[in-house]
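This report describes one protein model for a reader who has not met it before. The sequence and the structure come next, and the description follows.

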Amino acid sequence: MTSTNNKRTAADAGLPEGDNAPCCWVCLEEGPDKTGAPLVRDCSCRGSSGFAHLSCIIKHAESEGRRVAMENAETGAALFAKAFEYCPNCKQQYQNEVIYKLTKAAVDFTDREYKDVTCGYLLCHTLSNRLTVIDPKNNADDKAEGEESCTKILSIIEDMKCNELLGLFWKETYVYFEATAYGAIGGFFMRLDTEESLTKAKQYVEKARDIFRETENEMPMLMAEKKIASIESKISGEENLCVDTLQKIYAYLQRTIGETDPQTIGAGADVAEALCLSFHAIEGERLLSKLVELSRRVHGMDHESTKRSMSYLQRMKERIVITQDGQPFIALRYENDGDKCIVKDPTIEDEKETRMSASGIIPYLGTPVVCKGLQQLTHLNGKIGDVRKVDLEEGKCQVHFQEAGLEHAKIKFNHLRVVFDLPPLDA
Ligand SMILES: [Zn+2]
Ligand SMILES: [Zn+2]
């Protein structure tokens, strides 16, 4: 991991020395620890709260780990490692260098104190966490460490399954850790990003998905499916948008954490994006407009979730057209009763607007259109749809209509007009 965030140290954050100087929330001392290491903070804490010595966080997390291991001997792996991952003040995950170092400390601690095979799932868990933060593609040490961790995880799982006692209740108690570990191994090989590693990645994530499916863990199962789709995209070089899976994830989050949660809104935006990329532009734009509205109302204009979805909606509303010779433009509006179309060149910044004959521009893939002046297929006049294919030789676009029951049809260019603002659904 390369990104160090120096602004998070006390001095660089511009915080005062002396009376109001920030102090470590564990040992309450100001300034560096005995080894000279400064206070760190990389979570969502603000102001002067949340600073600590890394050595202090580790000591604190270790004692939390020991306490949990004693209290919930069997099921507490996530809880066991929680203090290595989450800031207890703001409850958010540590970031960047801090999480990088803490996940290593968690592995070392588990390896040192919980070596017994009956505790294997604890080490399995901390190793899996570690795998998610290392950077095998850009860092040779991380790559070596990751490969070693994968081997170790697999052998722990084997040992635990073979152990007579543990094997008996493997299915109920430990199988979730097994699936999570396969997911982490798959993620590691995916980020390694070689032809060979991607094939391995797919195998492991499929194993994880199958276990999650069998044990009816819907969300992790869907996340695994999404990961498999993106591995397949990397392998084949062809985008696999997995709209279906994204829709299921969105529906799941709506059901469980509610439709206004930023995470749900983000999942909805993923669906909208995939719809647009597969040229279901109208459906995608309607969904995203709804999400922007929702986010604005609930979280306000300045919230990350609102800003992100708004900027994406803006891009989505760009209406792409091409000329006969295939040059793309962004259409802005019609003039002269639709005879002329005002366009601009998307490749030139601050490009002036150009006026073109409306019959000379062709709505491109994913552009919402309306039919006009058809002599045959007259029932399609006034109907809106997405352009899903453009055939320059034939002079026609294949349009898929919004209205239920309408078959898609090939329409001549001169009978199509770009729709700039989608009509409300009920109209
Ligand atoms: Zn301290
Ligand atoms: Zn915090």
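With a disulfide taken as a pair of cysteine sulfur atoms within 2.5 Å, the count of disulfides comes to 0. The model is a predicted one, in which local features need pLDDT of at least 70, side-chain atom pairs count only at pLDDT 80 or more, and totals for chains, interfaces and linings use all residues. Residues are numbered from 1 along each chain as its sequence is written, chains are lettered from A and ligands numbered from 1 in the order in which they are written, and side-chain values use heavy atoms, with hydrogens and water left out.

**Two cysteines**

Why does Cys-276 form no bond with Cys-242? Its sulfur is 15 Å from the sulfur of Cys-242, the closest cysteine sulfur, and that is too far for a bond. Cys-397 is likewise too far for a bond, because the closest cysteine sulfur, in Cys-371, is 9.9 Å from its own. Burial is judged by relative accessible area: buried means under 20%, exposed over 50%, and partly exposed in between (1.4 Å probe, protein chains only). Cys-276 counts as buried at 15% relative accessibility, and Cys-397 is buried with a relative accessible area of 0%.

**Domains**

The domain bounds come from an automatic or database domain assignment. That assignment divides the protein chain into domain 1 (6-243), domain 2 (244-317) and domain 3 (320-418). Between the C-alpha centres of domain 1 and domain 3 the separation is 50 Å.

**Two helices**

Helices (H or I, at least four residues) and strands (E, at least two) are DSSP runs, numbered from the N terminus. The expected span of a helix is 1.5 Å times one less than its number of residues. Helix 1 (residues 54-71) has 18 residues and should therefore span 26 Å at 1.5 Å a residue; its end C-alpha atoms are 26 Å apart, which agrees. Helix 11 (residues 262-277) has 16 residues, so its expected span is 22 Å, and its end C-alpha atoms are indeed 22 Å apart.

Among the buried residues of helix 1 are Leu-54, Ile-57, Ile-58, Ala-61, Gly-65 and Val-68. An α-helix has 3.6 residues a turn, so residues three or four places apart point the same way. With contact meaning heavy atoms within 4.5 Å, the cover over the buried residues of helix 1 includes strand 1 (39-40), strand 2 (52-53), helix 2 (77-85) and helix 3 (96-113).

In helix 11 the buried residues include Thr-264, Ile-265, Gly-268, Val-271, Ala-272, Leu-275 and Cys-276. Helix 10 (243-256), helix 12 (281-299) and helix 13 (304-316) are what the buried residues of helix 11 pack against.

**The sheet**

Two strands pair if DSSP finds at least two bridges between them. Five strands form an open sheet: 5 strands in the order 6-5-4-3-7, with antiparallel pairing. Strand 6 (354-357) and strand 7 (361-363) are the edge strands, each pairing on one side only. On average, neighbouring strands of this sheet are turned by 50° against each other, direction ignored; the axes are lines fitted to C-alpha atoms, for helices over the stretch in contact, and angles run from 0 to 180 degrees between N-to-C directions.

Strand 3 (residues 319-323) is joined to strand 7 by 3 bridges, and the two run antiparallel. To strand 4 (residues 328-335) strand 3 is joined by 4 bridges, again antiparallel. Val-321 stands opposite Pro-363 in strand 7 and opposite Phe-329 in strand 4. Strand 3 is mostly covered, with 4 of its 5 residues buried. The hairpin of strand 3 and strand 4 has 4 residues between the strands, and there Gly-326 takes a positive phi near 85°.

**Loop residues**

Three loop residues are listed by accessibility.

| Residue | Loop | Relative accessibility |
|---|---|---|
| Gly-47 | between strand 1 and strand 2 | 46%, partly exposed |
| Asp-193 | between helix 7 (170-192) and helix 8 (195-214) | 27%, partly exposed |
| Glu-216 | between helix 8 and helix 9 (218-236) | 71%, exposed |

Asp-193 has a positive phi of about 60° although it is not a glycine. Glu-216, also a residue other than glycine, has a positive phi near 55°. The C-alpha atom of Gly-47 is separated by 8.9 Å from that of Pro-22, and these two residues are 25 residues apart along the chain.
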